[in-house]
Amino acid sequence: MRRLLLATLVLTPSIAFAWPWSTDMMNQPSVKPQEGIMTPFPQHSVPVQGIVTKVKDRDEAKELKSPFQPTAEVLGQGRTLFRIYCSACHGLTGKADSPVSPKIGAISLVDDYVQNNLTIGWVYGTITFGSYVMPSYGVPSGRGDNRGANDLSHDERWYVANYVKFGLAKDAAEEDATHTASSETK
Ligand code: HEC
């Protein structure tokens, strides 16, 4: 009988009970989630819905004016980004002379068509939303197929657009001159 009573006592679930000091481990001076200053988001991270842009497509971007003047610094930034993101298809100085250019039909960006016919807003729109074959660099779903990227921030896309319109042709001409000069010395 005694054994039975003991067993019953041991096996009966007791009421949950905690001593006041049971939570001590939790209450420590460390910073808890949502407490204190939130760390800023890493550069280039975007909300899952994508980047909010003021324009919805390339047509709307056409008339946009550049928020930057084509200063040496802006063109320098644009040149660096162009060489990283655009040169594979369009060539180092935009002359469509990379090995890939003819294969995918990447056009020369130093010809009259881009230099004189396309507005800087349209170039910015092309970089942001992509074109027919060309991928987008501002809005992943820019071409409607979710195969683009958001590698370039708003400001970076304007740096590249400025470089395409105000720096690229000059660099291409200089490259041609160096090329001719070096072949003459041979
Ligand atoms: C994967 C290859 C590829 C890359 C990388 C690429 N482009 Fe293109 N781009 C193309 C092709 C192909 C075309 C022509 C067909 C089209 O419009 O899609 C083009 C067309 C363009 C046009 C003309 C658009 C028009 O309205 O006719 C511009 C301007 C341009 N690219 C700028 C850029 C810039 C600036 C970058 C870098 C941010 C870049 N491209 C990166 C492939 C590429």
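Trainee: How do the residues of the shell around the ligand divide into nonpolar, polar and charged?

Mentor: In this predicted model, 17 of the shell residues are nonpolar, four are polar and one is charged. The shell holds 22 residues, and the closest are C86, C89, H90, S131 and M134.

Trainee: Which helices supply at least two residues each of that shell?

Mentor: They are α4 (87-90), α7 (120-129) and α8 (154-166). The largest share, three residues, comes from α7.

Trainee: What makes H90 and M134 donors to the iron atom of the ligand?

Mentor: A donor is an N, O or S atom within 2.8 Å of the metal. NE2 of H90 and SD of M134 coordinate the iron atom at 2.0 to 2.2 Å, so both satisfy that cut-off. H90 lies in helix α4 and M134 in the loop between α7 and α8, so the pair ties together parts that are 44 residues apart in sequence.

Trainee: Why is the site of the iron atom called octahedral?

Mentor: Six donors count as octahedral if opposite donors are over 155 degrees apart and all others between 65 and 115. The site has six donor atoms, with angles of 84 to 179° among them, and is classed as octahedral.

Trainee: What makes the pair formed by Y132 and the ligand a polar contact?

Mentor: The cut-off for a pair of N or O atoms is 3.5 Å. A backbone N or O atom of Y132 lies 2.9 Å from an oxygen atom of the ligand, so the pair qualifies. For V133, a backbone N or O atom lies 2.6 Å from a ligand oxygen atom.

Definitions and conventions. Residues numbered from 1 in each chain as written. Predicted model: local features only at pLDDT ≥ 70, side-chain atom pairs only at ≥ 80, totals over all residues. Heavy atoms only, no water. Near = heavy atom within 4 Å. Polar contact = N/O pair within 3.5 Å; in protein donor to acceptor, adjacent residues only side chain to side chain. Helix = DSSP H or I, 4+ residues; strand = E, 2+ residues; numbered from the N terminus. Nonpolar A, V, L, I, M, F, W, Y, C, P; charged D, E, K, R; others polar. Donors = N, O, S within 2.8 Å, 3.2 Å for Na, K, Ca; no water. Tetrahedral: all angles 85-135°; square planar, octahedral: opposite > 155°, others 65-115°.
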